[in-house]
Amino acid sequence: MFYYEAKGSKNYIAFNRVRYFKADNRKIEIHTISGDVITFYGKISEVKKQTDAGRFIQISRSELVNYNAVEEYREHMLTLRGGERLPVVASRRKAAGLQMSDYMGEMM
């Protein structure tokens, strides 16, 4: 479960409902599998600490993607279930590739 505070209340969301997290300054967006976008204030580094259980891959300074939401991985691009595409920045490609390889190996 991922914990966050929004509008003065404490909230939780199951990791399997999260497609990806996106940060824009101090505003964090949770993009869900149902297409909803939940917004709260925080830091992407704090989000990463909660998600460091091996479920998420960091593809840019501001985006963490759930492995289970990935349909296709190419060196420079992730395609999520539903067709949404997210670019993998050059500085993260090697690490992202290794993480995806490890994850795919565990799935087999």
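**View 1. Helix 1 and its buried face: Ile44, Val47 and Thr51 are the residues of helix 1 (44–51) that count as buried.** Those residues span an arc of only 55° around the axis, which puts them on the same side of helix 1. As a reminder of the geometry, an α-helix makes a turn every 3.6 residues, so residues three or four places apart point the same way. Keep in mind, here and in the views below, that this is a predicted model. What lies over the buried residues? The cover for helix 1 includes strand 1 (2–6), strand 3 (18–24) and strand 4 (27–32). It also includes strand 5 (37–41), strand 6 (56–60) and strand 7 (63–66).

**View 2. Zooming in on Thr51, a residue of helix 1.** Is Thr51 buried or exposed? Its relative accessible area is 3%, and since anything under 20% counts as buried, Thr51 is buried. Setting aside residues up to four places away in sequence, Thr51 touches four phenylalanines and a leucine: Phe2, Phe15, Phe21, Phe56 and Leu64.

**View 3. The five-strand sheet, with its strands in the order 5-4-3-7-6.** This sheet is open, and its strands pair in the antiparallel sense. Strand 5 and strand 6 sit at the edges with a single partner strand each, so one side of each has no neighbour in the sheet. Going from one strand to the next, the twist averages 20°. For anyone tracing the pairing by eye, strands of a sheet are held together through backbone hydrogen bonds, either parallel or antiparallel.

**View 4. Inside that sheet: where strand 3 meets strand 7.** Three bridges link strand 3 and strand 7, and the pairing is antiparallel. To find your way around, look for Tyr20, whose bridge partner in strand 7 is Val65.

**View 5. The hairpin of strand 4 and strand 5.** How many bridges join strand 4 to strand 5? There are five, and the two strands run antiparallel. A handy landmark is Lys27, which faces Tyr41 in strand 5. Four residues lie between the strands of this hairpin, and Gly35 has a positive phi near 95°.

**View 6. The three-strand sheet, in the order 8-9-10.** This is another open sheet with antiparallel pairing. Which strands stand at its edges? They are strand 8 and strand 10 (85–87); each has a single partner strand, so one side of each is left without a neighbour in the sheet. Ignoring direction, neighbouring strands here are turned against each other by 20° on average.

**View 7. The hairpin of strand 8 and strand 9, with two residues between the strands.** Strand 8 (70–74) and strand 9 (77–80) run antiparallel and are joined by four bridges. Two pairs make good reference points: Glu72 is opposite Thr79 in strand 9, and Tyr73 has Leu78 as its bridge partner in strand 9.

**View 8. His76, in the loop between strand 8 and strand 9.** His76 has a relative accessibility of 43%, so it counts as partly exposed. Beyond its neighbours within four places in sequence, what is His76 in contact with? Its contacts are Leu86, Pro87, Val88 and Arg93. Arg92 is worth picking out too: it is 16 residues from His76 in sequence, and their C-alpha atoms are 9.3 Å apart.

**View 9. Stepping back to see the whole chain, with its two helices and ten strands.** Starting from the N terminus, the elements come in the order β-β-β-β-β-α-β-β-β-β-β-α. The C-alpha atoms fill a box of roughly 40 × 25 × 25 Å along the principal axes. The radius of gyration is 13 Å, which agrees with the value near 13 Å for a compact globule of 108 residues. Of the 108 residues, 37% count as buried. Take the contacts between residues at least 6 apart in sequence: 34% of those join residues at least 24 apart. The accessible surface comes to about 6,900 Å², and carbon and sulfur atoms account for 48% of it.

Conventions: Residues are numbered from 1 along each chain as its sequence is written. This is a predicted model: local features need pLDDT of at least 70, side-chain atom pairs count only at pLDDT 80 or more; totals for chains, interfaces and linings use all residues. Side-chain values use heavy atoms; hydrogens and water are left out. Buried means under 20% relative accessible area, exposed over 50%, partly exposed in between (1.4 Å probe, protein chains only). The arc is that of the directions from the helix axis to the C-beta atoms. Contact means heavy atoms within 4.5 Å. Two strands pair if DSSP finds at least two bridges between them. The radius of gyration is taken over C-alpha atoms; the globule rule is 2.2 Å times the number of residues to the power 0.38. Accessible areas come from the Shrake-Rupley method with a 1.4 Å probe; for residues, only the protein chains shown count as cover. Axes are lines fitted to C-alpha atoms, for helices over the stretch in contact, and angles run from 0 to 180 degrees between N-to-C directions.
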